[in-house]
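Okay, everyone, thanks for making room for this one. Let me put the sequence and the structure up, and then I'll walk you through the parts I'd like you to look at.

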Amino acid sequence: MILLVGTDESFLEGLTQLLAGGGHRVRIAHSIDEAEEIAQKTPPLLAVLHRSAVMDDGGSRVGRIHLASGGAYVLYRTTSDEGETMSRPRSLSRQTLADLSLPLERHRLLALAQYVSARAHESGRVSFDSPPERRA
C-alpha cells in the first residue's frame, strides 16, 4: 500500500489514479495524525508526504508513521510551492528516499513506487496477494 499525505484533495486524487493505474493500492491521509492512524492498522510500503505537513514540526513526526519492512518515505512539493525553498533537517534527509516536485516528476514517483515494491517483494519482506486469475 502507498500512503499519500497532503491537503489538496484533487491533487491527491490525481496521484491516486496514477499509482492505481500502476497496480498499487493507495490510501489518502490529510494530516500526519491521520497518516499515523492508518499506518498503525496497515503499514504502507511507501509514504508520500507533502513537505509543508512534515516541516511544521521540523520533520520529527515522520518516523512515527510506521512503514512496512523495506518501506520508504518520499517528500513532495507542488509546482505552486516552487517559490518556497525549505531546507530539510539532516535527520529528515536521511529518512527520505526522494524529494519530488509534483506533478512534474509524477513518472519518477511511479518508478520509485515500483522500485520499492519490487525490492520488498524480491527480498521476501512483503508478501503480495495476486489476483486469482494470475495465480499458478
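So, strands β4, residues 72-78, and β5 run parallel as a pair, with 6 bridges between them. If you want one spot to find on screen, take Y76: the residue it bridges to in β5 is L100. Strand β5 itself covers residues 96-102, and 5 of those 7 are buried, so to speak mostly under cover. And yes, this is a predicted model, so keep that in mind throughout.

Stepping back to the whole chain, we have 5 helices and 5 strands. Going along the sequence, they come as β-α-β-α-β-α-β-α-β-α. There are 136 residues, and 41% of them are buried. Now take the contacts with a separation of 6 or more: 66% of those are between residues 24 or more positions apart. The accessible surface is about 7600 Å², with 47% of that belonging to carbon and sulfur atoms.

Okay, the inside. Which residues touch the most other members of the largest nonpolar core? Those are L46, V48 and L109, in a core of 23 residues. At least two residues each come from β1, α1 (9-21), β3, β4, β5 and α5 (106-123). The largest share is from α5, which supplies 6 residues. Have a look at L109 in particular: leaving out anything up to four places away in sequence, L109 touches L15, L19, L46, V48, V74, L100 and L102. So L100, the bridge partner of Y76, turns up again here as a contact of L109.

There's also a second, separate core, with 15 residues, including M1, A47, V54 and V62. As a general point, nonpolar side chains in soluble globular proteins tend to be buried together.

Last stop, helix α2, residues 32-41. Here I32, A35, E36, I38 and A39 are buried. Why do they count as being on the same side of α2? Because the arc they cover around the axis is only 170°. The general background is that an α-helix has 3.6 residues a turn, so residues three or four places apart point the same way. Turn to the other side of α2 and you find Q40 and K41, both exposed.

And what covers the buried residues of α2? The cover includes strands β1 (2-5), β2 (26-29) and β3 (46-50), along with helix α3 (51-55).

That's my tour; happy to rotate the view if anyone wants another look.

Conventions: Residues numbered from 1 in each chain as written. Predicted model: local features only at pLDDT ≥ 70, side-chain atom pairs only at ≥ 80, totals over all residues. Heavy atoms only, no water. Buried < 20%, exposed > 50% of the residue type's maximum accessible area, 1.4 Å probe, protein only. Helix = DSSP H or I, 4+ residues; strand = E, 2+ residues; numbered from the N terminus. Arc of directions from axis to C-beta. Contact = heavy atoms within 4.5 Å. Areas by Shrake-Rupley, 256 points an atom, 1.4 Å probe, with all protein chains shown as cover. Pairing = 2+ DSSP bridges. Core = buried A, V, L, I, M, F, W, Y, C linked by side-chain atoms within 4.5 Å.
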